Amino acid sequence: MSDNKIVFLEQSKMPTHYYNILADLPVPMDPPLNPATKQPAGPEDLSAIFPMDLIMQEVSTERYIEIPDEVRDLYRISRPTPLIRAANLEKELDTPAKIYFKYEGANPTGSHKTNTSYAQAYYNKKAGIKKLVTETGAGQWGSALSMACKHFGLECEVFMVKVSYNQKPYRKTFMKLFGATVHASPTNLTNAGRKVLEADPDSPGSLGIAISEAVEVAVQRDDTNYSLGSVLNHVLLHQTVIGEEAKLQMEMVDDYPDIVIGCAGGGSNFAGIAFPFIKDKLSGERKNLEIIAVEPASCPTLTKGKFDYDFGDEAGMTPLLKMYTLGHDFIPPKIHAGGLRYHGMASSISHLYNQGIISASAYEQLEVFKAAQIFAQTEGIVPAPESSHAVKEAVEQALKCKETGESKTILFNLSGHGFLDLGAYELYLENQLNGG
Ligand SMILES: *Cc1c(COP(=O)(O)O)cnc(C)c1O
């Protein structure tokens, strides 16, 4: 074991395949349903808005799926991302635990989202599509898709949740810099948006509403598709490069986590770090591995939601997904972790939670920002408010180790940096942030 704080993986050792957890589930998950017939949704239910390659990935049970060369080439701009030992944080907490984090904020647009945006833009381009339409919460997904679209020569239109549009104005600039068109959702450009505005002209918006608007625009044109930044199987699949790299990096320091932690909005960065490790738990090789999804107390999908079929969007245009949900018309409080304001949770993660394979926790906004500040002061990175939920759980687990004297190895995903969230940190420092 070396004293290195940063574990760099050589680019030549980058994963060549995505890991598909659907191949290893002990009990298969319930399929999405066509809302009209209540029968399992088939490829034809999705082909109006997704290219066939992504639809096939969505339903695949092949264990490993090859990453296209064009996508790997783009990953090489910033991947492998570093695995960092948070030694100063350990010291500050006076804990015997070892804390590692995977730093996805090192990617070009500041989060893990490019791992899937490159792949989605690539497959759409290959299918002859000219334009992608999407939603974005805090703007991370919109930024990542804008960049990927620019690279592959596609147009990009983004419906950004209004509360975030106002809270994080520089994200809009970021997307426009890559050539995207950005709207504050709900808009009066779509039926879904107009309906919400009629009922509440001051609606702060939600991811569910923004998804309805984007899907509505995408179904209207043959050369236009919709792109989703989280929740779906193929999106989570693309994120597994995070955990695959992390496994190799943990090996390089001759260690293996006892606890793996990720924040969970729709579940993609959590799946990214956790699924390759869950593989070892399911195979019996690492039976005692603990895996924790962390969410905001004000949008407690796993910890307080219902496990049932629900729509992925507000207007009810998507297939019905079996998942933990707060209801598709749930409008979450205006917390600054915009990426965690989603009413549902990925079906695969919901299934793993329901089966007792993973656990979940929830924290309030103020305690999350407190943990983020300690992290910034010790490790020098300002975490995104979303990622700060994972930081908070890692701190809690490390403090538990201090009590018990156990020196557990804790690994968490730092899904993004918060350099465009300083407005939220300013409110925190001025004591103007509510508990949430
Ligand atoms: C989008 C985002 C999230 C939440 O989305 P998931 O799909 O749950 O990962 C978390 N952290 C950051 C930095 C994000 O940009």
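These legends describe close-up views of a predicted model. Residues are numbered from 1 along each chain as its sequence is written, and side-chain values use heavy atoms, with hydrogens and water left out. Local features need pLDDT of at least 70 and side-chain atom pairs count only at pLDDT 80 or more, while totals for chains, interfaces and linings use all residues.

**View 1. Two cis peptide bonds precede Pro 80 and Pro 186.** Most peptide bonds are trans. The bond from Arg 79 to Pro 80 is cis, with omega near -10°. Pro 80 sits in the loop between helix H3 (69-75) and strand S4 (83-85). Helices (H or I, at least four residues) and strands (E, at least two) are DSSP runs, numbered from the N terminus. Ser 185 and Pro 186 are also joined by a cis bond, with omega about 10°. The loop holding Pro 186 runs between strand S8 (181-185) and helix H9 (191-199).

**View 2. Asp 94 has a positive phi.** Most residues other than glycine have a negative phi. For Asp 94 the value is about 55°. Asp 94 lies in the loop between helix H4 (87-93) and strand S5 (98-103). Its relative accessibility is 53%, so Asp 94 counts as exposed (over 50%; buried is under 20% and partly exposed in between, with a 1.4 Å probe and protein chains only).

**View 3. Val 231 also has a positive phi, near 70°.** Val 231 is found in the loop between strand S9 (224-226) and helix H11 (233-239). Val 231 counts as buried because its relative accessibility is 8%.

**View 4. Domain 1 (6-14 + 68-110 + 239-429) meets domain 2 (47-66 + 113-233).** The domain bounds come from an automatic or database domain assignment. In contact (heavy atoms within 4.5 Å) are 46 residues of domain 1 and 44 residues of domain 2. The area buried between the domains is about 3,500 Å², and carbon and sulfur atoms give 62% of it. Buried area is the accessible area (1.4 Å probe) that two parts lose on being put together, summed over both. In domain 1, Leu 74, Thr 109 and Leu 420 lose the most area to domain 2, together 20% of what that side buries.

**View 5. Lys 168 and Asp 421 form a salt bridge.** The closest N and O atoms of Lys 168 and Asp 421 are 2.6 Å apart. A salt bridge is a side-chain nitrogen of Lys or Arg within 4 Å of a carboxyl oxygen of Asp or Glu. Between domain 1 and domain 2 the count is one salt bridge.
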